[in-house]
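This report describes selected features of the structure shown below, moving from the overall make-up of one chain to local details and then to the nonpolar cores.

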Amino acid sequence: MQRSMPQRGDHMMKVYETYADTLFRIAMVHLGRREDAEEATQDTFIKLMEKAPIFNDAEHQKAWLIRVITNHCKSLLGRGWRKREVKLEGADPLTTDDPEDQALIELVLSLPVKYRSVVHLYYYEDYLIREIGEILQISESAVKMRLKRGRQLLKLELEGEEPQ
Amino acid sequence: MNEGQFKRNYKKAVDHMKTNDQMKKRIEQTLNTQRHEQKRQRKPLYIAASVVIAASVGLAAPSIWQQVSGPAAPATQVAQVTPGASFDPVVIPKTELPDSKNGVKADMLQLVVYQGNVYTQSATSLDGTDALALRGEKLGTTTGGIHELSDKGEYTELASNIGEADIYAVNGYDTNFRIMSYTEIDGQVYAQLFDQSNGITIGSGEDLIGKLHLEGNVTSAQWETFASWNNGLQQLQPLAADKSLNSFISALYAAKPIATSPELEERLYGQENRKIIYLTLEDKTQVQLVLFGEGLVRYGNVPVFFEIEKGAFQAFWNSLGE
C-alpha cells in the first residue's frame, strides 16, 4: 500500500529544516535552556501541523512561526513555567564554551522578557522596526520603546541615527 | 559597548545556538505520532485549496435577510443581493508551472498534476475516517518527484510533490475541480483533497464557491477570531447553521469577484480585522473561509476575493461577535 499522508510529514520536515534554527534561537533567548527551547520549538511545529494555516508566501509563514513561538515562550514564562527563572550560574553553557559569547547571551537573557524578542529580531534577524511590529502584532512605537529600553539595559551606545 | 559591536558579537554568539540531528529525530518522531493521534481522534486534516460553491443565487432575497435579522436588529441594512448580477469577471490563468523564482511557494503548496492540470491542496479539509464514503473511481498513482526546483518538463501526468499516493475521484464533485489522495496504513485512513482552481473565469461567487456545494448542505459551523487563528489557539466558537448563515452563503454566491493584487493583499493582511469560519457539510468535508472586515471573503489561496453586499456581510460579521 502506498502512503498518501506521509508526504505531509515530509513537507513538515522541510519546513522544519528551513526554520528550526530560527525558532530554536528565539526560544533559547527566551527560555535559556536547550531542552526547554527544543520543547517550545517542537510545540510550535505541532501547532503548525495541527492548524495548517494558509500562507501567502515564505515570509508570511516565517512571521507566523516567530509569532507563535514568541507568544508560546512568553506564555510559559508568564505561567511561572516549571517554577523557575532562568538560572545561569552553574548551568550548562547555553551556546558555546567561549566565555565572552556566553556572557553576552546571559546579558540578553537578563533583560525582561518583553524586550528579548525585540532585541533578538532586530539585532540577529535584522528585521526592521515596522516588520517586528507586524510579526509581534504590536505598534511600531511599542517596538521602538522596547528597543530603546533594551539598549539602555544593555548599555549600548547608539551608532548614528535612531533606526527607523 | 557600542551598537555595532553588540550586533556583531551577538550574532556570533547566537550562531552557536543550533538544532542538532537528535532534536530533528525527536521532533520528526513527535510529529509522526501527533499526526497519527490526530487520525485516531478524528481531527480533521487541514488542507489548503481553492474551491467554489455551486448553488443558486436566488435565495438571498431581502425578505429572507429581514427575516433572519429579526426585530432585534432593525437598523441592520437589508441585504440587497441581486441574483444574476453581472460583474467584470476575474480570469485566473492556468497555473504557471513553478520556476526557480517562485519555488518557495511551490514548495509550500502540495500539488498533483492530473490530466495536464495542476491541482493544489484544498482549503477544504476531510477527516480520514470519512474519506471512504467520498472515494470514487481510482484515477492513478502519483509519482512524486516535483520539488521547488523542478522545471516544467518534470510536470508530467500524475507527477506531484506529495510522494507516491493513489489518486481518486471524489464522489459528488467534478474531477475537473476536485480529486483526492487516499491511503490506508495499519487501518488508518489518510486522505487529502486537491482542487483545480486555475484556468477558470469567475463572474460571481457562484463560479468558485458553488463548486464547494455549500448551499443547503451545511450541517454545522464554527468560527474563530483572528487572534486565535493567528496564534494557533484553535479557540473555535459555535456558529449556528441557520437561516442567517444560509443567507450569508447565498450572498457569497452572488458576490462580486475581485482579483488579488499585491496592494490589496498588503492592505488586507496588514490588518487584524479578520474572522475565520468553518463550515461542515453533509458529506463531512469542512470548508474554511476567511472574512475580512471590510466586506471581503476569500477561500483558500485562490487569487480572488469576493465582495459581499455590504448589509449582508456586516450583519453576518456582527453576528459572530468579537
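## Surface and make-up of chain A

In this predicted model, the accessible surface of chain A comes to about 7,400 Å², and carbon and sulfur atoms account for 48% of that area. Chain A has 164 residues, of which 57% count as buried.

The secondary structure of chain A consists of seven helices and zero strands, so that its pattern, read along the sequence, is α-α-α-α-α-α-α. When contacts within chain A are restricted to residues at least 6 apart in sequence, 64% of them join residues at least 24 apart.

## A hairpin in chain B

Strand β2 of chain B, which spans residues 111-114, is covered on both faces: L111(B) and V113(B) lie on one side, V112(B) and Y114(B) lie on the other, and all of these are buried. This strand is joined by four bridges to strand β3 of chain B, residues 117-121, and the two run antiparallel.

Within this pairing, V112(B) of the covered strand stands opposite Y119(B) in β3(B). The hairpin formed by β2(B) and β3(B) has two residues between the strands, and in it Q115(B) takes a positive phi near 50 degrees.

## The loop around G199(B)

Another local feature of chain B is the loop between β10 (188-195) and β11 (200-202), in which G199(B) lies. G199(B) is classed as partly exposed because its relative accessible area is 48%, a value between the limits of 20% and 50% that bound this class.

Leaving aside neighbours within four places in sequence, the contacts of G199(B) are with I92(B), P93(B) and K94(B). With I92(B), the C-alpha to C-alpha distance is 5.4 Å, although 107 residues separate G199(B) and I92(B) in sequence.

## Nonpolar cores

The largest nonpolar core holds 58 residues, and the members that touch the most others are F45(A), F6(B) and Y10(B). Helix α1 of chain A, residues 6-31, supplies the largest share of this core, with 13 residues.

F45(A), one of those members that touch the most others, is in contact with M12(A), V15(A), Y16(A), Y19(A), A20(A) and L23(A), and also with L31(B), when neighbours within four places in sequence are left aside. Apart from this largest core lies another core, of 50 residues, whose members include Y173(B), Y182(B), A221(B) and F306(B).

Methods: Residues numbered from 1 in each chain as written. Chains lettered and ligands numbered in written order. Predicted model: local features only at pLDDT ≥ 70, side-chain atom pairs only at ≥ 80, totals over all residues. Heavy atoms only, no water. Buried < 20%, exposed > 50% of the residue type's maximum accessible area, 1.4 Å probe, protein only. Contact = heavy atoms within 4.5 Å. Areas by Shrake-Rupley, 256 points an atom, 1.4 Å probe, with all protein chains shown as cover. Pairing = 2+ DSSP bridges. Core = buried A, V, L, I, M, F, W, Y, C linked by side-chain atoms within 4.5 Å.
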